[in-house]
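Please open the model in your viewer and keep a selection panel at hand. The tour below proceeds stop by stop, with a selection to make at each one.

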Amino acid sequence: MLTDHRRVRRMLFTPVMAVLTVFAVAGPASATEVRSSSSSVSLAASTSVRAAAAPQVAGGVTLQTEEAKLTAVDADFITKVRLAGLWEIPGGKMAMEKGVAPRVRQIGQMIAAQHVRLDLLARTAAKEVGIGLPNVPTAEQRRWLDEMKDAKGTEFDDVFVHRLRAAHGKIFPVIGTVRSSTENDVVRKLAQDTNAFVLTHLTLLESTGLVRYEELPKAAAPVTGPIAAAANRSSDGGLAVPVIWMILATALIAGAVFTTRMIRPRAFGGRHKGRVRGPEGSMGTGSIPVQPADNYYPAQGLRLGSGPRSFS
C-alpha cells in the first residue's frame, strides 16, 4: 500500500510531465507542421505552366528550360480578376444609363471601360499559364446586379457606389499579398497592373461622396497585452511564447501543490497537530502524546500501589 505522500506524488507526476512536454514541443512542432503542410499544398497545387522557347536539336529532341510554377493562390487570383470584370462591366454600363448624379454616370463609364482592358489582361495571363476561367459572375455578384436593376433614382447611385466600393476594398489587400509573394512572373505582372486599376476605382468611387464608410469592413485592431508583447519579442529573437506558457503552467501547478499541502498536510507526510491518538486508542489534544498514569508518575519518583515511598 502506498502512503498518502507517495500516492499524491504519483497523481501529480503524470499531469505535470504531460504539461511540460506539450509546451516544450508545441512551438517547434507547430512550426514544422505548418511548413510541411504549406510545402505539400504548394507542391500539389503547382503545375507546369510556361516553358521558355527551346531550340530544336538533331534527332527531334527539344531542350526545355526550367518551368515556372503556378500555385493555387496564383490561379485563384487570376480567376478573381476575371470575375470582377464579369459584373463590374455591366454594372458600369447600368450606371451610365440609370445614374442620377452626373458624377456617377461618368464614373460608371470609366470603370466599365477600364475593366474591359483589365479583363483582357486576365484572359491573356490565364492563357499563358494554362488555366480556364469562368464566363458568368458568381451567385453573389448576380444578386448585386439584380439589386442595381431594381433600384431607381438616387437609390441606384447609392447601391452602385456602395457595392463597387466594398468589392474593391475587399480585393485590394489580396492584390498586395499576391504581388509580394508569388513566384510566377505572369501573375506578378497581372497583380501589379490590377493594383493600379483598383486604386483608381477606389479613388473614383470615393469622389462621389456617397461611400458609407461605417458599413465597410474594419481592419483588425492590433493585439495588445503581455502575450502579444512576448510574441513580438519572440519574432525579434527573444523568448519564445511556448516557453512562456510552459513557465506559467509550471508556476500554476506548483501553486496548486503548495495550496494542497497547506490544506491537507497529512497527504504529504506532514504531522497532524490536532488530536493525537494515544497508545490505548484514546484521543488527546495538542501535539504531545497522552501517556498512561502508571508511566507518568515513575518519572516523578512515585509508583502507585507499591507502598510508601520516600521523596528524593
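By about how much of helix α5 are Phe156 and Phe160 separated? Select both residues in this predicted model, and you will find them four residues apart in helix α5, which means that about one helical turn lies between them. In general, an α-helix has 3.6 residues a turn, so residues three or four places apart point the same way. Displaying the two rings shows Phe156 and Phe160 as a stacked aromatic pair, with 6.0 Å from centre to centre and 15 degrees between the planes; Phe156 and Phe160 are both buried.

Stay on helix α5 and move the selection to Ala166, which, with a relative accessibility of 29%, counts as partly exposed. Add Pro217 to the selection and draw the C-alpha to C-alpha distance, which is 8.0 Å although Ala166 and Pro217 are 51 residues apart in sequence.

Next, select helix α6, residues 185–206, and draw a line between its end C-alpha atoms, which are 32 Å apart; this agrees with the 32 Å that its 22 residues should span at 1.5 Å a residue. At the start of α6, show the side chain of Asn184, one oxygen of which reaches to within 2.9 Å of the backbone nitrogen of Val186. Then colour the buried residues of α6, among them Val186, Leu190, Asp193, Phe197, His201 and Leu205, and bring up the elements against which the buried residues of this helix pack, namely β2 (69–70), α2 (72–98), α3 (102–129) and α5 (154–181).

Within α6, centre the view on His201. Is His201 buried or exposed? Its relative accessibility is 0%, so His201 counts as buried. If you leave aside the neighbours within four places in sequence and select what remains in contact with His201, the residues that appear are Glu88, Ile111, Gln114, His115 and His168.

For the last stop, select α2 together with helix α4, residues 139–150, and orient the view along their axes, which come within 10 Å and cross at roughly 5 degrees. Since angles under 35 degrees count as roughly parallel, α2 is described as roughly parallel to α4. To see how the two helices meet, display Leu83, Ala84, Trp87, Pro90, Gly91, Met94 and Lys98 on the α2 side, and Gln141, Trp144, Leu145, Met148, Lys149 and Asp150 on the α4 side, which make the contact.

Note on methods
Residues are numbered from 1 along each chain as its sequence is written. This is a predicted model: local features need pLDDT of at least 70, side-chain atom pairs count only at pLDDT 80 or more; totals for chains, interfaces and linings use all residues. Side-chain values use heavy atoms; hydrogens and water are left out. The expected span of a helix is 1.5 Å times one less than its number of residues. Buried means under 20% relative accessible area, exposed over 50%, partly exposed in between (1.4 Å probe, protein chains only). Contact means heavy atoms within 4.5 Å. A polar contact is a pair of N or O atoms within 3.5 Å; within protein, one must be able to donate a hydrogen and the other to accept it, and residues adjacent in sequence count only if both atoms are side-chain atoms. Rings of Phe, Tyr and Trp (its six-membered ring) pair if their centres lie within 6.5 Å; planes under 30 degrees apart count as stacked, over 60 as edge-to-face and the rest as tilted. Axes are lines fitted to C-alpha atoms, for helices over the stretch in contact, and angles run from 0 to 180 degrees between N-to-C directions. Angles under 35 degrees count as roughly parallel, over 145 as roughly antiparallel, 65 to 115 as roughly perpendicular and the rest as oblique.
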